[in-house]
Amino acid sequence: MPRRTVAVIGAGAAGLVAARELLRVGLHVAVLEKSGRTGGTWAYDPRADDADPLSRDPAAAGAVHGSLYASLRTNLPRQLMGFSDFPMAGRVFAGDARAFPGHREVLAFLDAFADEHGVLAHVRLRTEVLRVHPLGEEQGERWAVAFRGEDGEVAEEVFDAVVVCNGHWTVPFVPKIQGIGNWSGKQMHSHNYRTPEPFQNQNVVTVGMGASGIDIALEISHVAKEVHIASRYSEDRLGKFNLYQNFWIHKEIECIQDDGKVRFAEGSAVPADVILYCTGYHYYFPFIDLDGLTVDDNRVGPLYKNVFPPKYAPNLSFVGLTTKTIIFPSLELESKWVAAVLSGKATLPSQEDMMASVLEHYRRMEEAGRPKRHTHVIMPDWEEHMNWLADQVGEPHLEARSLELLVKALCGTWSLDEGYRDHCEQDDDRDTTALKGLFGLV
Ligand SMILES: Cc1cc2nc3c(=O)[nH]c(=O)nc-3n(C[C@H](O)[C@H](O)[C@H](O)COP(=O)(O)OP(=O)(O)OC[C@H]3O[C@@H](n4cnc5c(N)ncnc54)[C@H](O)[C@@H]3O)c2cc1C
């Protein structure tokens, strides 16, 4: 019997580990990668979309995939950034031995991983997938994949299955702000932030308090006149932030006033030269147009456990959609699950049962007051989610130490202490109770 063939779309961390797992179970794998190298997000790209700093058109020629800034260091310690049998902890790949290494170290780690597991031989670089559509009487028995290859020609190839690993940190989400239409200042999204120099002596409002938002606001504060961070999660820390002399924390932006000042929900208002949105990204699959599979308010669905669309399972799957989780181990577990299902070592529930599970998840979210756009946010159910995946593939459960490290890292980020990465490991006494509450862990 001929070996089953699988197309993996994208050669970032997700595509590389998915390919490794699929190869392990004996499938024939082609990883189609539109850029000129593997590593995805971790291949720092100094280019930014200067002509459109909000990157409103993701299909624009020359659109940049990467969203890393030059100084970026991981927000998780290296113990949480490895794969089970290819750890990052205790090893150095590009000369950066820090607990929270810079992006070059992660890229070198991924390069070494792909090399050691023979994945590189299966990667076709400069190959952009343009369309994926199902063939066969049963929807999705086989899949036609159209792509533009290295030679610029469009071709089509048929595969037994497709695993989508195209990343989701590229297409900016920009919140609508009342009065912004008449505002004459500059707006940009963190997707296009690379270095702080352009903000010299400026009054900057940054929006969002995720890991990148905090990093960027702090970095800019070294050169800017004033930095004002706006966030809906800032309740208990409003006002001047005493660790830094030019740094304020506000509630979310309420509107742009008639006098051009940026007004925040708590009532204060400041003049600003720039509003920098660190507000996350949209899921975007320009090559998929399938009946019954949609992206609605950042909910990709329906998807059974964020991976399999019931109607097209098991031959179409998605790896890496979840957020606010321990990403690399999660990518690995999802990949193992897909590989187990495609090789017949694991089975999925019926289409009806998968659909029922998805609807139950939606119902619970609604009951808990969680917005649709958080469908793929795993926090605070890390443990339950990771252990469920582990059970599908006979892997051990998440170690308690991993959760501890995760919470400490999140607490470090939220402390707004620029040095947290360098003293996080020594900080065993830091009181994390309040933040544990925030993350739903107490
Ligand atoms: C600023 C920032 C900081 C982060 N910090 C951390 C961190 O500290 N720790 C952590 O674990 N994670 C972090 N992440 C998350 C990070 O994205 C993941 O670690 C990981 O890179 C996700 O891998 P991926 O393969 O899913 O996506 P990506 O790395 O984005 O890879 C997707 C790949 O698909 C390719 N592709 C896209 N479309 C097509 C197409 N049509 N055809 C062919 N190829 C295509 C792209 O070129 C790319 O190579 C961070 C992300 C950002 C943006």
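Which residues do ring pairs link into a cluster? In this predicted model, the answer is F83, F86, F93, F109, F113 and F328.

**Close-up 1. Aromatic rings gather around F86 and F113.** Searching the whole structure turns up 21 aromatic pairs. One of them is F86 with F113, an edge-to-face pair with 5.5 Å from centre to centre and 70° between the planes. F86 sits in the loop between β2 (28-32) and α2 (103-116), while F113 belongs to helix α2, so this pair ties together parts that are 27 residues apart in sequence. Are these two residues buried or exposed? Both F86 and F113 are buried.

**Close-up 2. Here is N166, tucked into a loop between two strands.** The strands on either side of the loop are β7 (161-164) and β8 (171-172). N166 has a relative accessibility of 19%, so it counts as buried, the cut-off being under 20%. Look for the backbone oxygen of Y284: a polar atom of the N166 side chain lies 2.9 Å from it. Setting aside neighbours within four places in sequence, N166 is in contact with I9, H65, Y284, F285 and F287.

**Close-up 3. Helices α4 and α6 cross each other.** The axes of α4 (residues 327-342) and α6 (residues 382-393) come within 9 Å, and they cross at roughly 35°. This crossing is left-handed. On the α4 side, the residues making the contact include L333, W337 and A340; on the α6 side, M386, W388 and L389 are among them. W388 has another partner to spot: the charged end of K305 sits over its ring, 4.5 Å from the centre.

**Close-up 4. A charge sits over the ring of Y362.** The charge comes from R299, whose charged end is 3.5 Å from the centre of that ring.

**Close-up 5. Two cis peptide bonds lead into P302 and P314.** G301 and P302 are joined by a cis bond with omega at about 0°. From A313 to P314 the bond is cis too, with omega near 5°. Where should you look for P302? Try the loop between β20 (299-301) and β21 (316-318); P314 is also found between β20 and β21.

**Close-up 6. R126 and N201 have positive phi without being glycines.** For R126, phi is about 50°, and its place is the loop between β3 (123-124) and β4 (128-135). R126 is partly exposed, with a relative accessible area of 40%. For N201, phi is near 60°, and you'll find this residue in the loop between β9 (186-189) and β10 (203-207). N201 is exposed, at 53% relative accessible area.

Notes
Residues are numbered from 1 along each chain as its sequence is written. This is a predicted model: local features need pLDDT of at least 70, side-chain atom pairs count only at pLDDT 80 or more; totals for chains, interfaces and linings use all residues. Side-chain values use heavy atoms; hydrogens and water are left out. Helices (H or I, at least four residues) and strands (E, at least two) are DSSP runs, numbered from the N terminus. Buried means under 20% relative accessible area, exposed over 50%, partly exposed in between (1.4 Å probe, protein chains only). A polar contact is a pair of N or O atoms within 3.5 Å; within protein, one must be able to donate a hydrogen and the other to accept it, and residues adjacent in sequence count only if both atoms are side-chain atoms. Contact means heavy atoms within 4.5 Å. Rings of Phe, Tyr and Trp (its six-membered ring) pair if their centres lie within 6.5 Å; planes under 30 degrees apart count as stacked, over 60 as edge-to-face and the rest as tilted. A charge sits over a ring if NZ of Lys or CZ of Arg is within 6 Å of the ring centre and within 35 degrees of the ring normal. Axes are lines fitted to C-alpha atoms, for helices over the stretch in contact, and angles run from 0 to 180 degrees between N-to-C directions. A crossing is left-handed if the near helix is turned anticlockwise from the far one by less than a right angle, and right-handed if clockwise.
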